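These are my notebook entries on a structure I went through one topic at a time. I wrote down what I looked up and what I found in each place.

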Amino acid sequence: MNIPMKKKALIAVVAAVSVVMPSKADGVFDDASTLLRYYQPANEWVEALPVGNGHMAAMIYGGVDHEELQLNEGTFWGGGPHRNDSPRALEALPRVRQLIFEDKNDEAQRLMDRTFMTGKNGMPFQTLGSLRIDASTPANTVKEYERSLDLRTAVARTTWTDGAGVTFTREVIASLPQRVIAIRMTASQPRQLNFTLRYTSPLPIQRSQKDKALIMTGRSSDHEGVKGVVDMRTETRVRLTDGRQQLTDSTLTVTGATEAIIFVAAATNFVNYHDVSGNPAQRVKAMMQPVQKKPWAQLLSEHTEAYQRYFNRMSLSLKGSPAEVDTMQTDRRVQRFAEGRTDPSLAVLMFNYGRYLLISSSQPGGQAAGLQGLWNRDVVAPWDGKYTININAEMNYWPAEVCNLSEMATPLFDMIRDLSQTGQETARVMYGAKGWVAHHNTDIWRSTGMMDGPAWGAWPMGGAWLTTHLWEHYLYTLDRSFLEQHYAEMRGAAEFLLSFLVKHPKYGWLVTCPSLSPEHGPKGEFAGSTVCAGPTMDNQIVRDAFTQTIAAAEVLGRDKAFADSLRQALAQLPPMQIGRLGQLQEWLEDVDGMDDHHRHVSHVYGLYPSRQITASGTPDLFRACRATLQFRGDDATGWSIGWKLNLWARLLDGDHAYTMIRTLLNLVSSNRSRRGGNAAGRVYPNLFDAHPPFQIDGNFGFTAGVAEMLVQSHEGFIRLLPALPVFWPEGEVRGLRARGGFEVDIKWAKGVLTEATIHSQQGGNCQVMVNGELRTFATEKGGSYQILP
């Protein structure tokens, strides 16, 4: 679909229109939709509550006599600068292509295994360790215990009363402006706080004390022959109003205090993917000095103000939850919902949780959110906690634009720029190609070669998919200076594809080869070869990369000759095809199976997140996507359910999208399945998404999917309530964003739109679809326009 570049045609609206004064999307937040609550401490990691500031993160267990804050720092990764390009790949490439075109895919995959792989499959994101708080309160004397995470303020709170009637409170923030973790501990009676702080870690660490700070230092581990070179330093300091503190090299003990504020700061020597010359001690000092004398009220207000600057931009309210859920334990609410009980505000809580997690894990100046966001307890996380860029890393950022959190995508944009540099060498060495390439996985060292074996890694499309986020950001913001800054990345990805495509000897189309449909083959993931030529998803991504680069070149007034070469190639790409079962074909050949329930639904990328397949523009392909999803089924891994939620919303089927919400909000029950395995549940007690194990992309996919049910703008106009389920008859949403520089507020009752307001950030024409009617009206920059059906 070609979207015109002029503001006058970018996006639009339906109904009676009147100008209204702009209003801030402060929203109405209640406990049921913004508070995770529990009445006992966490027994395991997936019950603990996350805080983060895009730099540091902690998982808070809420223990009484033994508390744990498991700590992460965004740049603490295993290994060090390295490359994983295979110099043997280029020589083997012609033979690999020949074998694939001769239908000898198994032999081609075996050859690639010998020549395209280096044994370096990416480095792991690693835990720093934990800060332990050992107190003197016997857990068996506790009453009135509660722990919570307030998504309105980004404050985690634990409170209880002991046998003597003393109430203890712990508040934890990961301060956004100060980049430290701060803990306030209070007792309701004087001098009742007595506790000891200490560090533990699964990695070798050194403990020491200096200048009233308890210090932990260490180095990241070696991995796959790459030496660990990231040095970390964590410091903990305590400020008391009364009482005393005593330090040893391994402990900090507080006795007889009424209030204690604990500051935790961590830093590494990581500067960028090729430089580890930083000074962790100086960095920690720079974070600690400004906060040590600040009153708690000031620390809290500065943190809350910075957080709410993002969180309060939008709000969602769904009516109909019973009053009893306001004080119900969160995991019990999930169980109750899975039993078929009504609780619309639980979906809002999960939606808001995704926004909270994105704000907390991905901040400008930090690293992009990986498979587990910024939270990981292991030395080697599941799948190394890397950036899996054949769906998962992209899914992490699906909510960023539509949920009014554009700045949270800045670390992703930074990573794309880095990859566009490291990927040039990979393109040259492995393919003899121009431009830049990244395969299905990368890490903090910006590796761009193949990883994990050709059955999964022989997919050279990760970089091109990432660049579509650059164009989406432009469509939502119309920020020409942003496009200017990042055009080179878009151009480089398109340039690689242009030089990588080859003519298929049987069909005559230009195809990617070798490649695969992510992690899947016609016979399944583990049966036969996955390696092939021209899978449907590749063709769709190539089409996006080419058309978006052409459009960007037109906006910027440059590269006409290059754009013309892309147009010529576009005309030679394989078309999307409908197979014998009425399904959208996943491969060039019609080999999809009715009993194929694989978690990846890569070939419907064209429906979502792309917009090549739409109800209005390609109705036959639209119906074929529905057939594909029906064959694949609803149940899958957590992140796959999140994708299907978005896909059913794009299919304008709100009730089926709601079925995906019910499928995802199903509690993982067993301890074994919480660490891995294949349990029925797809969400943990702390609402982390379960693959299983934990992957954060399902949380972000859920949030994006709910937004997609309420507002869509990918067809060149705005659809209001395009996929509203019957189970949400009344509600209100404010501050969702639409392409073309618009914000949207909507109210509905009895399942019908009652009022909408469009806020224009850039001016220009706007079109809105309401009740099947499409109207166009002009907007002024900063203007607001009410729509009454």
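**Entry 1: a buried asparagine.** I began with Asn-699, whose side chain reaches the backbone oxygen of Leu-687 at 2.8 Å. I keep in mind throughout that this is a predicted model. Asn-699 has its place in helix 20, which covers residues 697-710. Is Asn-699 buried or exposed? I found 0% relative accessibility for Asn-699, and because the cut-off for buried is under 20%, Asn-699 counts as buried.

**Entry 2: the sheet with strand 23.** I next looked up an open sheet of four strands, which runs in the order 23-24-28-29 with mixed pairing. Strand 23 (711-712) and strand 29 (773-779) stand at its edges, and each has a single partner strand, so one side of each is left without a neighbour in the sheet. Within this sheet I followed strand 24 (residues 718-720) to strand 28 (residues 764-770), and the two pair in the parallel sense over two bridges. Which residue of strand 28 is the bridge partner of Ile-718? I noted Val-768 as that partner.

**Entry 3: strand 10 and its two partners.** I then turned to strand 10, residues 181-187, which is mostly covered, with six of its seven residues buried. Strand 9 (residues 167-174) runs antiparallel to strand 10, and seven bridges join the two. One pair that I looked up here is Glu-171 with its bridge partner Arg-184 in strand 10. The hairpin made by strand 9 and strand 10 has six residues between the strands, and there I noted that Arg-179 takes a positive phi near 65 degrees. Strand 10 is also joined to strand 17 (residues 259-268), again in the antiparallel sense, by six bridges. Across that pairing I found Ala-182 standing opposite Phe-263 of strand 17. As a reminder to myself, the side chains of a regular strand alternate between the two faces of the sheet.

**Entry 4: cysteines.** How many disulfides does a search of the whole structure find? I recorded zero. I wanted to see why Cys-513 is not bonded, and its sulfur is 8.0 Å from the closest cysteine sulfur, that of Cys-532, which is too far for a bond. The limit for a disulfide is a pair of sulfur atoms within 2.5 Å. Looking from the other side, I found that the closest cysteine sulfur to that of Cys-532 is in Cys-513, at the distance of 8.0 Å, again too far for a bond. Cys-513 counts as buried at 0% relative accessibility, and Cys-532 also counts as buried, at 10%.

**Entry 5: cavities.** My count came to eight cavities of 30 Å³ or more. The largest cavity holds about 290 Å³ of space, and I went on to look up what surrounds it. Its lining is made of 24 residues, of which Trp-398, His-469, Glu-472, Pro-609 and Arg-739 lie nearest the centre. Helix 9 (398-402), helix 10 (410-431), helix 12 (462-477) and helix 14 (536-556) each supply at least two residues of this lining. Which helix gives the most to the lining of the largest cavity? I wrote down helix 12, with six residues. Sorted by class, the lining of the largest cavity has twelve nonpolar, five polar and seven charged residues.

Conventions
Residues are numbered from 1 along each chain as its sequence is written. This is a predicted model: local features need pLDDT of at least 70, side-chain atom pairs count only at pLDDT 80 or more; totals for chains, interfaces and linings use all residues. Side-chain values use heavy atoms; hydrogens and water are left out. Buried means under 20% relative accessible area, exposed over 50%, partly exposed in between (1.4 Å probe, protein chains only). Two strands pair if DSSP finds at least two bridges between them. On a 1 Å grid over the protein atoms alone, a cavity is a set of points where a 1.4 Å probe fits but cannot get out, and a pocket is an open set with protein on both sides within 12 Å along at least five of seven lines; lining residues have an atom within 4 Å of a point. Grid points are joined across faces, edges and corners, and a volume is the space filled by probe spheres set on the points. Ala, Val, Leu, Ile, Met, Phe, Trp, Tyr, Cys and Pro count as nonpolar, Asp, Glu, Lys and Arg as charged, and the others, Gly among them, as polar. A polar contact is a pair of N or O atoms within 3.5 Å; within protein, one must be able to donate a hydrogen and the other to accept it, and residues adjacent in sequence count only if both atoms are side-chain atoms.
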